[in-house]
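Hi,

Here is the structure I promised to pass on. Have a look at it first, and then read on for what turned up.

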Amino acid sequence: MKRLSAFILLVLIFRLGFAGIGNEEFRATWVITWEHISGSSSAETNKARVRKILDNHKAANMNAVIWQVRQGGTAYYTSSFEPWGSYAGGSYPGYDPLAYAIEEAHKRGMEVHAWFNCFAASSTAPGTPAAEHPEWICRDRSGNPMTSSIALSPGMKAVRDYTIDVAMEIVNNYDIDGLHLDYVRWNEYSNSKKSKEYAAKIDPTKMLDGMISKEQIEDLNKNKSGRYLYDVDHPYSAGIPDSIPGVKFSSWESYWRWSVTEFVKTLHDSIQAVKPWVRLSAAALGKYRWSGWQGYGSVYQDAALWFNEGYIDQLTPMHYHWTTGEGFLDMLNAHDPESWDYYIQPGIAAGRLFSVGPGSYILLENKIWYRHKEIVEACRTVSYVDGFQFFCYGSWNGALYWDEAGSTIFSNMTKIRSNHPNPELTAPGISLVKTDPLKYEITVTPDPSANDDQWYVIYRSENQTFDLDNDDIIDLHFGKGAYTVVDSFPGTQNYNGKYSYAATRLDRYWAESAVSNSVQSDSIPSYAPIVIASTPGINDTIPINAEISILFSKSIDTTAFGTKITVNPAMDIKNFDWSEENRKVVFNLEGYLQFATNYTLTLLPTITDINGKSLDGNADGTPGDQYVIPFSTYDVDVSGPQILSSYPGQDIESLDLDDGITIEFDELLDPASVNKNTVSMVSGGYNVTIEPVLTTEDNKSILNIRSYSQLVSDAINLITLNTGVTDTLGNPLSENQYVDFVTKNYYYSSKNVFDNFNTNNGWESPTFSGSTVGTVDGNCAFGITKNNYLPASEFNDTD
């Protein structure tokens, strides 16, 4: 399979990913039952939990939630078919969880997609389908039914009809925006001892689709004859089914795929007949038709067919196998049989939605959460990608990522792309009231023809011409009456001109009307820049190697910044690093500060923001003051070592297995503190025996790491340095440090072999080889040089 190079990835991201994402992008997380409800909590506590979940999504500028409502044959809504689920306490929890989630999500301008587990039926509580209809349970070739991790047979018409009835009750009774199918496939279990042991171990209420171990996959493929893929109507002994009118099956596999597809198609037709705007989506396995664990061949889920034929409206795969931007690009757009684009061109051409499903839980577990940014940016370069759904809410909440995501990867609000034009939509009206120099009230009034709940968007532009694809969306609203939104400014914004506002109306398909009338604000005042924070702070005492940084309230004109500061006594400043839209500057020094020295750093009033306003040093509202930071350094080294850089680093997509692993520190380490107890490594989930070796360069320690065994191919690797690592004065690392990387999916790059000593072809050992005359036998080894690590080597001090 062809792989996209890291260079191509960077070029694509530079050309497309950073060019702006536009205003259309689906954004959601999967919210599991136990994340939004607890049987031991009161109704009010559970409802507060729902509001918090939705507020978090809103903070991240998300516009949808995938909300679990059916699990294991139990319900988390008012159902006439199935009992309340165990996480609701097995009885009515004092409120309708789905109705409340819809009400609160719509208040926040978010869609709700009811997450519906289809054929997984693990619960055997009274009233569940597995308890009431044991004849529906899947069976093996001998006719023995599943006894744990129970699944119903998609092959039985009674099962399909019942499941459609359960789903349609949700569609008919609740104002959902989408119905999201999970476990829409045959089960993965067999009657083998290993499979039964695994099925018996897992908590049936926490069965999550897409999660499977390597051992399970191996057992699945070894014991195909033991799979639970039959039922009482279609036993193995009766042969390939042929009793379906008009359908002739060439194999069991074609029948299994047909049965799931028939369910999806019939359900889609049923939804279209009553609420055609409700989008049907499917949580497909991340690998459609390749590898040992795939939708098409392992569990007979033909998701590409559904997408191409219009049996679903949005394809939402579970892309949990990939953890780098390069990996996602390759899986989505490599144009070969191991990528999605190879199979779904008709669906793309028809304009159906496709959203990517990163496994956030894997990124969290492997301490590579930062890769969300590169994954999102890489996927945005793929033309057919419409957005993201992340698994899962709990992982995002554990990482406290909401606010950061809302200011980085999802820094703008977005609507959802429509493929149902509606030229009949009439625009709303808009009016503006200034309540403060920095605050405006915007009121949107729907056209009288808008009698139903629909979506409304308010746009803000720096001119009076509106670009609905790129101008800022400041509010996304769901409802049918007039409403008012407040747009306020902090006074630290960079823009000081006038803003124009306009609104549009969108139907339930997200088709958008023409723009409304526009209204314009006065010029928005902006204060002079001030210093928000500094390291060091005023009168601080710091280590000689501490970072020096300043955070301003506004974006600063960085031109000739070095001439706008003074330092006494002088420090040797190499350059400045600017970030956060030029609000933060870090001083890069040549060497260190001096011990036991009093310094004065002065920021001169010649520092200006990008609009030319001078620094307000004393923050009194009047520009033109300097800001003075007196500080001193310790007379001895009291700080622990810090990592300056590493190879591989965050900018390396994946590592060749014959590349070196190097970590550079800012000072000398105590060699005795660097050992197998303080430095460890995991490769693909397995502990790896390593040898950490220190060298010295420019009075700094360079740590080279070698593994005694081959690293796992195409796997996440994590190096941990714990606080037992110290500098030469005994100062430890302030906290555990981690270096992570992904290995490439092959073991070694191509090499030209000019003497092959692995074959018995007349060549002798290296001391006899004509190509190695002069080699000292017994002292010939690859090894770790002064600057680089050479893999598969034995370290030798005489290198």
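**What turned up**

Let me begin with one pair in a sheet: S645 has E664 in β26 as its bridge partner. Please keep in mind throughout that this is a predicted model.

That pair belongs to the contact between β25 and strand β26 (residues 661-665), which run antiparallel and are joined by four bridges. Both strands are part of an open sheet of four, ordered β25-β26-β30-β29, with antiparallel pairing. At the edges you'll find β25 (643-647) and β29; each has a single partner strand, so one side of each has no neighbour in the sheet. On average, neighbouring strands here are turned by 20° against each other, ignoring direction. If you want to follow side chains along these strands, a general rule helps: in a regular strand they alternate between the two faces of the sheet.

Over at the other end of the sheet order, strand β29 (residues 690-697) pairs with strand β30 (residues 700-707) in the antiparallel sense, over eight bridges. Within that pairing, T696 sits opposite S701 in β30. The two strands make a hairpin with two residues between them, and D698 in the turn has a positive phi of about 55°.

Now for the chain overall. The protein chain has 799 residues, and 53% of them are buried. I get 17 helices and 32 strands for the chain. Among contacts with a separation of 6 or more, 72% are between residues 24 or more positions apart. The accessible surface is about 34500 Å², with 49% of that belonging to carbon and sulfur atoms.

What about the interior? As a general point, nonpolar side chains in soluble globular proteins tend to be buried together. In this model the largest nonpolar core has 146 residues, and L179, W340 and W396 are the ones that touch the most other members. Helix α9 (residues 252-274) gives this core its largest share, nine residues. Domain 1 (27-409) and domain 2 (429-520) each supply at least three residues to this core. There is also a second, separate core of 24 residues, and I550, I565, V567 and M571 are among its members.

L179 deserves a look of its own. Leaving out residues up to four places away in sequence, L179 touches A114, F116, A167, V171, L267, I271, V278, R279, L280 and S281.

Two helices are also worth opening in your viewer. Why call helix α12 (residues 325-333) largely enclosed by the rest of the structure? Eight of its nine residues are buried, so there is little of the helix left uncovered by that count. The buried ones are G325, E326, G327, F328, L329, D330, M331 and L332. After α12 comes H335, with a positive phi near 60°.

The other is helix α13 (residues 345-349), where G347 has its place. Is G347 buried or exposed? G347 is buried, with a relative accessible area of 0%. Apart from neighbours within four places in sequence, G347 is in contact with F307, N308 and R352. The C-alpha atoms of G347 and L305 are separated by 8.6 Å, and these two residues are 42 residues apart along the chain.

That's the lot from me; shout if anything is unclear.

Cheers

Note on methods:
Residues are numbered from 1 along each chain as its sequence is written. This is a predicted model: local features need pLDDT of at least 70, side-chain atom pairs count only at pLDDT 80 or more; totals for chains, interfaces and linings use all residues. Side-chain values use heavy atoms; hydrogens and water are left out. Buried means under 20% relative accessible area, exposed over 50%, partly exposed in between (1.4 Å probe, protein chains only). Contact means heavy atoms within 4.5 Å. Two strands pair if DSSP finds at least two bridges between them. Accessible areas come from the Shrake-Rupley method with a 1.4 Å probe; for residues, only the protein chains shown count as cover. A nonpolar core is a set of buried Ala, Val, Leu, Ile, Met, Phe, Trp, Tyr and Cys residues joined through side-chain atoms within 4.5 Å. Domain bounds come from an automatic or database domain assignment. Axes are lines fitted to C-alpha atoms, for helices over the stretch in contact, and angles run from 0 to 180 degrees between N-to-C directions.
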